[in-house]
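Dear colleague,

Please find the structure below, handed over for your reference. My notes on what was found in it follow directly after.

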Amino acid sequence: MDQKNKRIISLVILAVLILYFGLKLYRSPLDTYTWTELLINYAAGFIRRGLIGRIGYLVSPYISVKFFLSALITICYLLHLIVYLRITRKINFQDWLLFTFSPTAFLFPIYNFDAYGRKDVFLVLIFMIVFLMVLKKVKWSILVPSTLIFYEIGVLIHEYALFYFPFVVILIFIVYNNRPKRDLYLFSILSLAFLLGNLGWLYALSRRYYNLDLIPQSWEGLIEDYHLTIQTGAFGWLGVPLKEGLQPVFDKLSYPQTFFSYLAGMALSAIPMVLLNARYHILNKVSEFLKDRKGLLIFSVILLLSTMMIFIFSSDWGRLTYLYGFNIYLSFVVLKEHFSCEDSIAGSTVLSDYQTVQWIAFLILFTGTWFLKMYVDGGNIALQQGLIFKIFDWISI
């Protein structure tokens with residue numbers, strides 16, 4: 001069986017899981033956090049995270065909003081697989097499979113059903129589409145406005161999109177470095193204005209609309225009995241009061257088992273990127289490229305460091321790791337293609353029997369023994385037992 005068919009079979013397995021959990025989402029009660037956040041809309045005034053709910057509100061006279069959003073979310077997850085296949089088709093199958101079945105990649109919302117259907121599904125699709133555009137080196141006049149429009153849509157869906165925008169900015173500067181300097185300077189100005197403008201706007205919006213009553217009011221017209229639990233998460237970020245918003249983050253920092261279990265999960269999630277770089281020496285090519293471009297190097301480092309601020313303002317460190325994983329891995333893939341990085345492992349296309357057994361054992365241990373919780377409070381462990389242990393639980397039941 002050739003590698004293309006193996007990839008398709010692998011993605012079909014994920015597609016079956018996605019469809020199953022899409023049906024489970026549809027059957028879930030509306031008072032779960034996932035649904036109450038999805039259904040926030042502009043009925044009570046323009047508030048953050050309301051775009052998807054607004055779309056649901058517009059279609060609600062014609063179709064069940066719960067069915068529509070469940071179907072939309074499931075379709076978006078399936079589109080992830082299609083676009084991912086397009087972006088990564090030239091990556092060695094072993095390295096490709098390791099990320100594909102990483103517990104913090106496509107399996108993350110499967111392991112964490114609370115994460116299935118959260119607005120990250122739309123953000124990841126936006127990231128993938130823009131990364132594919134950069135990989136294909138679409139025309140500059142199309143790429144720049146399209147990137148800003150896509151990420152602005154992402155910001156209206158969830159403000160997390162802002163903190164991953166620097167990844168695509170850096171990629172564009174590297175891949176399109178042969179553009180006239182005027183174009184690159186203008187793009188840097190537009191990028192900074194986009195970041196700072198949206199941050200300022202979101203903060204002002206939070207201060208202006210830090211009114212938790214607006215959230216249940218925005219459900220009116222979508223949920224017949226809309227007096228559900230008020231979800232403060234949609235307003236606390238970048239808003240007031242700071243103590244309430246930042247306390248969960250301080251809990252993670254002050255409880256060693258919580259903090260270090262997340263660090264361990266982040267380290268494990270980086271293994272596919274480390275191995276991909278070890279095979280193709282991508283960072284060496286990037287280092288050579290930036291060696292004589294000190295300005296771009298400093299600019300890139302500042303942008304990347306700025307993305308880490310999200311860990312200060314958000315306590316869902318599992319989700320952040322999931323989103324970082326897609327941005328880092330796909331960035332490596334785009335850079336690998338741009339610099340035409342060669343496979344450095346001799347005989348990598350044909351493995352010996354020993355290498356095959358060794359690789360399968362590693363794949364099973366990496367993908368089947370652990371997963372990272374989307375969110376845990378201080379004092380709890382974020383790193384959990386994976387699929388193999390769950391199978392034993394099912395057998396015992």
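Does Asp183 count as buried or exposed? The model is a predicted one, and in it Asp183 has 11% relative accessibility. Since buried means under 20% relative accessible area, Asp183 therefore counts as buried.

Salt bridges

Asp183 has two salt-bridge contacts to report. One is with Arg179, where the closest N and O atoms are 2.6 Å apart. The other is with Arg182, at 3.9 Å from N to O. The two arginines can be described by their accessibility as well: Arg179 is partly exposed at 29%, and Arg182 is exposed at 67% relative accessibility.

A further salt bridge links Glu337 to Lys336, with 2.8 Å between the closest N and O atoms. Lys336 has a relative accessible area of 8% and is therefore buried, whereas Glu337, at 22% relative accessibility, counts as partly exposed. Elsewhere, Glu37, Arg49, Arg118 and Glu159 are joined into one network by salt bridges that share partners. Over the whole structure, the search finds 11 salt bridges.

The nonpolar core

The largest nonpolar core holds 118 residues, and Phe131 and Tyr164 are the members that touch the most others in it. Helix α7, residues 120-135, supplies the largest share of this core, with 14 residues. As a general point, nonpolar side chains in soluble globular proteins tend to be buried together.

The surroundings of Phe131 may help you to find your way in the model. Apart from neighbours within four places in sequence, Phe131 is in contact with Ile87, Tyr151, Phe167, Val168 and Leu171, and also with Asn327, Leu330, Ser331 and Val334.

A nonpolar patch on the surface

Nonpolar side chains are also found on the outside of the model, where Leu387, Phe389, Ile391, Phe392, Trp394 and Ile395 form a surface patch. Together, these residues have about 630 Å² of accessible area. One of them, Phe392, lies in helix α21, which covers residues 387-396. With a relative accessible area of 52%, Phe392 is exposed, because the term applies to residues over 50%.

As you look through the model, you may wish to begin with Asp183 and its salt bridge to Arg179, then turn to Phe131 in the core, and end with the patch that includes Phe392.

With kind regards

Key. Residues are numbered from 1 along each chain as its sequence is written. This is a predicted model: local features need pLDDT of at least 70, side-chain atom pairs count only at pLDDT 80 or more; totals for chains, interfaces and linings use all residues. Side-chain values use heavy atoms; hydrogens and water are left out. A salt bridge is a side-chain nitrogen of Lys or Arg within 4 Å of a carboxyl oxygen of Asp or Glu. Buried means under 20% relative accessible area, exposed over 50%, partly exposed in between (1.4 Å probe, protein chains only). Patches are made of residues with over 30% relative accessible area and no salt bridge: like charges are joined within 9 Å, nonpolar side chains (Val, Leu, Ile, Met, Phe, Trp, Tyr) within 5 Å. Accessible areas come from the Shrake-Rupley method with a 1.4 Å probe; for residues, only the protein chains shown count as cover. Helices (H or I, at least four residues) and strands (E, at least two) are DSSP runs, numbered from the N terminus. A nonpolar core is a set of buried Ala, Val, Leu, Ile, Met, Phe, Trp, Tyr and Cys residues joined through side-chain atoms within 4.5 Å. Contact means heavy atoms within 4.5 Å.
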